[in-house]
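Welcome, and thank you for taking a look at this protein with me. Let us walk through the model together, one region at a time.

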Amino acid sequence: MQKGKIGVTTENIFPIIKKFLYSDHEIFLRELISNAVDATTKLKALSSMGEFGGELGDLTIRVELDEKGKKLTVSDRGVGMTEEEVNKYINQIAFSGAEEFMKKYENQSGIIGHFGLGFYSAFMVASKVEVITKSYREGAQAVKWACDGTPDFTLEPTDKAERGTDIVLYLAEDSAEFGEKTRIEALLKKYCSFLPVPIAFGKEQKWEDGKYVATDKDNIINDTHPLWMRKPTEITEDQYAEFYRKLYPMADEPLFHIHLNVDYPFNLTGILYFPKIKNNFEIQKNKIQLYSNQVYVTDSVEGIVPDFLTLLHGVIDSPDIPLNVSRSYLQSDSNVKKISGYITKKVADRLADLFKNGRPDYENKWDDLKLFIQYGIVSEEKFGERAGEFTLLKNTEGKYFTLDEYTEVVKGSQTDKNGKIVHLYSNDPVAQHSFIEAAHAKGYDVLVMDSPLEAHFIAFLENKHSDWRFTRVDADTVEKLIEKDEQLAMALTTAQQQLLTPVFESQLPTDAKSHFHVQFEAMDPAAAPIIITQGEFMRRMKDMSKVG
Ligand code: ADP
Ligand code: MG
């Protein structure tokens, strides 16, 4: 038997591990299982390269819980380790020393829960850990490593029939919760649902004679080929919908999805869903799950993707998103920034495409989409630049217009004396019904703008289009707008004057023509001898203003 000291400079790193990871002890299971997945993946790679000639056999990773004995075991049939490898990979912790570790991460509360310590995170929950391992190499001697949370370990030969590694945790008293089946089940579901190697937790149960009994079939807890890893062309709409229900069992059906797939300049796959966004959108944020090679990292993507994208649901998986780093590191990571930019662009592309190729459907969805798009427009410049392609305005009659289309509708009849196009809107069509009626009677159109972001959205539009103005339909200025409209009729362009002159002249007595000079600027409808009816006059003015 070999005895030795784990290669760290301080007496005992384990209290430090506990201290720094206290809020997220549960990640130990993710770390141990991802090591098991790594070991299995390595073996498969060796096999396909011809460096391992043996049978791969059943590669299922097994999680076993001894509830009474408070013992949890994770077993794999991966590459295993030789004694030398245990010395190298397990005993030589990657830290140059706990002191340095302290210095580096002190005062960074953000790291808690996002900084995994890999194998050593087992000591957050276990008072003793054993590694029983046998390398895939021919004739390898199995070894058993044991450590009780002091820097002292033991390493000795042992009997193990199968290739691979068993990690055995003797749960600490203060971690008794991890000795409960339901807790482990929940953790497996959270962290391991989509890992690429089958993971079994006990046996499948079946209902027999009024009670559940175990079958001899493994209870596989994960889906090794998650939908986002498959080709979009091979996926049906139903499968997308089903996957959504699996991720968010309580949510309404989404409006549509985007399948992300990029391999340059970074690797990323994923499926994003557009949920129907209600007015209380703050509580709907942060539903995207972030994965790194099918290993769950976090479902709090705030600060990682632009804020408006946190309203989307779904999965993003990128091996370029590091597993074990702090949030502040993620935020400044250049890959993560590129990923954000990419997703923003993809979302804009998809919206533009949906609008262009299915406008009626897009219009149907608009009321549920609007908040998301407005949020993107007002908060993310790059998105705002694109949004003109797929932003709609809706009027009180339920008609939808693009920004350009709407300008065409109102610019003739709703331009004020400063040449600004006046957008009348209502934020409460029911309460403002009479104002809307009055505006309609004057020939004006009224928009419905009733989302909680509308004020920001209006400010954005007014800022972008210096000749636009938004006026609420119940503002007293609407009356003024009408006055201005009349004044406007009197401030005619030369072309309009030329058109209008014969209209007036035709109405004058023949002998008066030579004496009468039409002075438009000074014209006062009340005083001038207008012979045509006022209605007819207004109609012609309107026609001409379109010409002008
Ligand atoms: P990381 O996984 O980031 O390398 P860990 O602390 O999780 O760091 O693991 C340290 C090393 O121990 C691994 O790189 C691997 O070489 C070895 N190891 C851990 N678990 C296993 C396992 N189940 N099978 C084979 N090797 C393992
Ligand atoms: Mg690891």
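A good place to begin is a pair of strands: strand E17 (residues 421–426) and E19 pair in the parallel sense, joined over five bridges. To find this pairing in the view, look for His423, whose bridge partner in E19 is Phe470. Please keep in mind as you look around that this is a predicted model.

These two strands belong to an open sheet of three strands, in the order E18-E17-E19, with parallel pairing. Its edges are strand E18 (446–448) and strand E19 (468–472), each of which pairs on one side only. On average, neighbouring strands of this sheet are turned by 40 degrees against each other, direction ignored.

Now step back to see the whole chain. The protein chain holds 16 helices and 19 strands. It has 548 residues, and 32% of them count as buried. Taking the contacts between residues at least 6 apart in sequence, 70% join residues at least 24 apart.

Another open sheet is built from five strands. Here the order is E10-E11-E14-E12-E13, and the pairing is mixed. Strand E10 (256–262) and strand E13 (295–298) are the edge strands, pairing on one side only. Neighbouring strands in this sheet are turned by 20 degrees against each other on average, direction ignored. Within the sheet, strand E12 (residues 287–292) and strand E14 (residues 313–317) run parallel and are joined by five bridges. Ile288 is a handy landmark, as this residue stands opposite Gly314 in E14.

In general, the strands of a sheet pair through backbone hydrogen bonds, and they may do so in a parallel or an antiparallel way. For the antiparallel kind, turn to strand E4 (residues 126–134). This strand is mostly covered, with seven of its nine residues buried. E4 runs antiparallel to strand E7 (residues 164–171), and eight bridges join the two. One place to spot this pairing is Glu130, which has Val168 in E7 as its bridge partner. E4 also runs antiparallel to E5, this time with five bridges; there, Val131 has Trp145 in E5 as its bridge partner.

From E5 you can carry on to the next strand. Strand E5 (residues 143–147) and strand E6 (residues 152–157) run antiparallel, joined by five bridges. Trp145, the residue just met as the partner of Val131, stands opposite Leu155 in E6. E5 and E6 form a hairpin with four residues between them, and in the turn Gly149 has a positive phi of about 90 degrees.

What about the interior? In soluble globular proteins, nonpolar side chains tend to be buried together. In this model, the largest nonpolar core has 92 residues, and those touching the most other members are Ile33, Ala122, Val129, Leu169, Ile199 and Phe372. Helix H2 (residues 27–48) gives the most to this core, contributing nine residues. A second, separate core has 13 residues, among them Leu392, Ile436, Ala439 and Leu447. For a closer look at Leu169, set aside its neighbours within four places in sequence: Leu169 is then in contact with Lys71, Leu72, Ala122, Val125, Ala126 and Val129.

Helix H9 (residues 359–379) deserves a pause. How far apart are the end C-alpha atoms of H9? They are only 25 Å apart, whereas a straight helix of 21 residues would reach 30 Å at 1.5 Å a residue. Look along H9 and you will find a kink of about 70 degrees, centred on Asp367. The buried residues of H9 include Tyr362, Leu369, Phe372 and Val378. Together, the buried residues of this helix pack against strand E11 (268–274), helix H8 (334–357), helix H10 (381–387) and helix H13 (454–464).

Helix H8 leads us on to Gly341, which lies in that helix. Is Gly341 buried or exposed? Gly341 counts as exposed because 12 other C-beta atoms lie within 10 Å, and a residue with 12 or fewer is placed in that class. The C-alpha atoms of Gly341 and Asp299 are 19 Å apart, with 42 residues separating the two along the chain.

Our last stop is Ser434, in helix H12 (residues 433–441). Ser434 is exposed too, since 10 other C-beta atoms lie within 10 Å. Between the C-alpha atoms of Ser434 and Ala140 the separation is 88 Å, and these residues are 294 apart along the chain.

How values were computed
Residues numbered from 1 in each chain as written. Chains lettered and ligands numbered in written order. Predicted model: local features only at pLDDT ≥ 70, side-chain atom pairs only at ≥ 80, totals over all residues. Expected span 1.5 Å × (residues − 1). Bend = angle between axes of the 7 residues up to and from the residue. Buried ≥ 20, exposed ≤ 12 C-beta atoms within 10 Å, placed from the backbone. Contact = placed C-beta atoms within 7 Å. Pairing = 2+ DSSP bridges. Axes fitted to C-alpha atoms, helices over the stretch in contact; angles between N-to-C directions. Core = buried A, V, L, I, M, F, W, Y, C linked by C-beta atoms within 7 Å.
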